[in-house]
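Hi there,

Here is the structure I promised to pass on. Have a look at it first, and my notes follow below.

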Amino acid sequence: MINEKIKSAIETAVASEQQPAELSKKITAWIENLMEGNEDIADASSFTQRCDLCFDTTILPITIEE
Amino acid sequence: MAADFKILGWSVTGLRCPDHDVSFEKSANEVHKISLLQMPNGTGKTTTLKLLRAALAGPEMWNNGSEQPINFRKDNSVTDGHFILRLLYNRTKRLTIEIHFDFNDNGKFTYYTTGPNGKDEGFHPPFDLKFILKPDFVKLLIFDGELAANLLSSSHTNAQNAIETMYQLYFFNRIKERIDEHWSKEANKVGSRGSAKEFTQRKNRVEALKKRVQLVNEKKNEDALSLDNAKKQVDQLETEFQKEIQKNQEDAFQLDLAKTRLANAEQDVSTLTMLTVTLMKNPPEFSLSFSDAILALKDNLDRVKLPGIAAREFFEEIADEDNCICGREIDDEVKEVIREGAQKYLGSEEVGVLNAMKSDIKERIVDLASEEQPLKLLIDQLEEAQQAEQLARQDLDTIKELASENDPNIRAIHTKISELKKTIGRLENEVLKYDNKTDDSDTGWNLENLERRKKQAEQDLAKVTDTIELKAKRDILCRILDSAYQTARESINEGVCNEANEKIKVLMPYNHIRISSINKSIKLADKEGGSVGETLSIGYAFLSTLLSNDTQHLPSVVDSPSGPVDLKIRPEIAKLIPRLGEQFIAFTISSEREGFIEPLIKASSEDINFLTLFRKEDITQDSSAKTVLGAKESNDGILVPGKIYFETFHKDNQ
């Protein structure tokens with residue numbers, strides 16, 4: 001089980017960037033799996049999938065700074 | 001991740017402690033919750049602790065060069081040394097870590113790991129323990145007074161590192177690295193909308209800057225660590241030097257005298273510098289011509305009636321009204337005339353500044369004008385004091401040199417200190433480049449500059465690869481991870497502080513010492529540091545908070561658990577120990593028993609494993625020990641189990 005303080009910190013950070021709660025769930029699940037040892041941060045197939053999920057869930061503001 | 005391991009025991013041969021084989025096993029897959037290993041001074045307690053650290057933390061432990069493997073050799077007749085550590089992890093799995101020293105090859109060491117898959121050369125802890133079996137964390141599991149002091153020292157980051165490792169907060173940064181890699185990979189895949197050459201150039205620049213940031217980060221940390229180590233070594237050697245020199249009374253007297261002279265000279269320089277700087281902040285105080293000029297300025301302002309009575313805003317406000325204060329109508333033409341006229345007056349802010357300036361000149365400078373203070377005299381005095389300081393330092397060096405000439409031991413220490421001081425000087429010069437922002441190039445050393453340049457290079461790459469959106473998403477994700485890490489860290493630190501403070505209250509109910517925060521190291525409320533006893537108690541409270549929780553099941557090995565603590569506090573420390581973790585192993589000497597053993601027995605829910613290990617040197621003592629049931633004899637040592645022997649064992653020289 002992920003520490004509640006870590007979970008809550010992720011939720012707060014996601015909300016302050018005006019991102020959907022879904023993103024905090026994805027980041028929390030990723031970090032929880034790493035902490036529990038169920039997933040290896042060096043495993044390319046697993047982190048590529050996780051990254052794709054996080055990028056897909058992230059919403060961009062209307063104007064992007066170039 | 002939950003971490004779970006116990007120390008089953010270890011065996012040592014050919015190293016700088018008696019050969020021995022110690023076991024903490026109570027039954028199959030179960031260890032004694034509390035084991036006390038009594039080792040009199042000179043038995044190799046420190047060596048055993050160092051070996052234990054080296055076995056748990058792996059070869060990385062030797063990297064800083066503070067320990068030389070050759071120094072672990074028992075004596076010149078020995079060609080090999082072995083330290084074999086037996087561990088139990090995840091309740092039922094066994095792991096053995098062995099360090100083999102080849103003293104024919106300058107103590108070259110080789111690690112061997114034996115786990116469920118057999119024996120392999122190298123240090124290969126199982127995945128579940130990898131994050132714990134690292135130098136920084138192992139230092140926390142093997143605890144002594146030095147660590148307690150370091151937890152509170154602002155030049156160390158042990159307390160923060162301990163929290164980061166225990167709560168695995170480093171994963172935030174690792175995920176960030178993966179997110180960044182992902183974006184880089186996508187940018188590479190997409191290719192360039194400009195020329196291939198342009199794309200390659202921009203991509204290479206981003207990569208080069210990333211490497212540069214990493215290199216500078218590593219080099220900066222490495223230099224800081226080397227500097228810190230060199231300073232620590234100098235402190236240790238200075239203490240040794242002091243001890244050696246005390247053996248010769250005349251030298252010791254001369255050295256103390258020279259030190260006092262240097263301290264006084266340094267104080268004089270400091271006082272005179274302060275006076276000079278204070279005086280230089282106010283030029284009229286040291287220059288009559290300056291104060292005359294300032295007074296002349298005030299007189300001239302008075303003569304031209306500046307700043308005047310009315311401010312520009314007064315007229316501008318009148319111009320804004322339809323009627324003047326005298327009742328006459330103000331039409332647009334008049335308004336314009338008033339506004340133009342208002343420009344001849346100063347604004348209220350300028351009026352305020354000029355009035356304040358005039359009043360300051362009146363109050364402060366008029367009185368001082370007649371008392372010119374001799375800045376030159378003060379600077380002359382400062383120069384003299386600096387020369388005196390230099391002479392005092394030279395005197396001190398000469399006395400040290402002379403003492404060195406008479407004693408080879410002192411000479412060796414003195415030479416080492418001189419070499420280290422040169423190294424410190426070089427490193428102090430070296431680290432200045434990290435703060436230097438003037439070299440703003442891709443090969444500079446200032447991290448702030450490099451990070452900014454990297455960000456710009458990434459923007460440039462995103463533009464040319466059409467990955468601007470992806471980069472914007474990467475930036476958002478990185479910001480989220482940074483912010484979540486900060487918040488989690490602060491909140492966890494606060495929780496650890498509160499819990500540790502509750503334990504400190506129990507340990508020292510009449511002492512108001514408390515932890516206020518953890519910022520790299522432990523910060524105390526209204527206090528810079530504590531006594532040895534206070535420091536140790538705070539260390540225990542902090543570590544027990546970290547090590548004893550629902551997910552971690554780790555051993556604690558403590559050197560001299562009650563040594564520097566008052567007899568009054570010892571029972572409280574003893575009561576805390578059973579809560580320190582699931583396995584507690586303490587290295588003790590006989591003088592620590594008083595006020596500690598009985599409360600520990602009372603506080604412990606199960607039998608304590610008492611062990612006494614000593615070097616064979618006293619025939620009577622050796623023969624008496626060998627009669628104890630379970631006593632184990634080696635070439636040069638005897639290990640005796642049991643409470644009775646433990647409590648009666650005493651060496652006069654302790």
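Gly58(B), just after helix H1 of chain B, takes a positive phi of about 80°. This is a predicted model, so please read that angle, like everything below, as computed from predicted coordinates.

The helix before that glycine covers residues 45–57 of chain B. Its end C-alpha atoms are 18 Å apart, and that agrees with expectation because 13 residues at 1.5 Å a residue should span 18 Å. Many positions in H1(B) are buried, including Lys45(B), Thr48(B) and Lys50(B) as well as Leu51(B), Leu52(B), Ala54(B) and Ala55(B).

Ala55(B) turns up again in the largest nonpolar core, which has 135 residues. Together with Leu37(B), Ala484(B) and Phe542(B), Ala55(B) touches the most other members. Helix H16 of chain B, residues 468–507, supplies the largest share of this core, with 13 residues. If you want a place to start looking, try Phe542(B): leaving aside residues up to four places away in sequence, Phe542(B) touches Leu151(B), Ala159(B), Ala500(B) and Ile522(B).

One of those partners, Ala159(B), is a buried residue of helix H5 (residues 158–166) of chain B. The other buried residues there are Asn158(B), Ala162(B), Glu164(B) and Met166(B). Just after H5(B) there is another positive phi, about 55°, at Gln168(B).

Back to helix lengths: helix H8 of chain B (residues 249–280) has 32 residues and reaches 46 Å from its first C-alpha to its last, close to the 46 Å expected. Its buried residues are Asp251(B), Leu255(B), Leu262(B), Ala265(B) and Val269(B).

Now for chain A. Its mean pLDDT is 88, and 92% of its residues reach 70 or more. Among the elements of chain A, helix H1 (residues 4–16) has the highest mean pLDDT, 96, and helix H3 (residues 44–57) the lowest, 92.

How many residues of each chain are in contact across the interface? There are 27 from chain A and 28 from chain B. On the chain A side, H1, H2 (21–36) and H3 each supply at least two residues. H1(A) gives the most, with eight residues. By class, the side of chain A that touches chain B has 16 nonpolar, seven polar and four charged residues.

Happy to talk any of this through once you have had a look.

Best wishes

Notes. Residues numbered from 1 in each chain as written. Chains lettered and ligands numbered in written order. Predicted model: local features only at pLDDT ≥ 70, side-chain atom pairs only at ≥ 80, totals over all residues. Core = buried A, V, L, I, M, F, W, Y, C linked by C-beta atoms within 7 Å. Buried ≥ 20, exposed ≤ 12 C-beta atoms within 10 Å, placed from the backbone. Helix = DSSP H or I, 4+ residues; strand = E, 2+ residues; numbered from the N terminus. Contact = placed C-beta atoms within 7 Å. pLDDT = per-residue confidence, 0-100. Nonpolar A, V, L, I, M, F, W, Y, C, P; charged D, E, K, R; others polar. Expected span 1.5 Å × (residues − 1).
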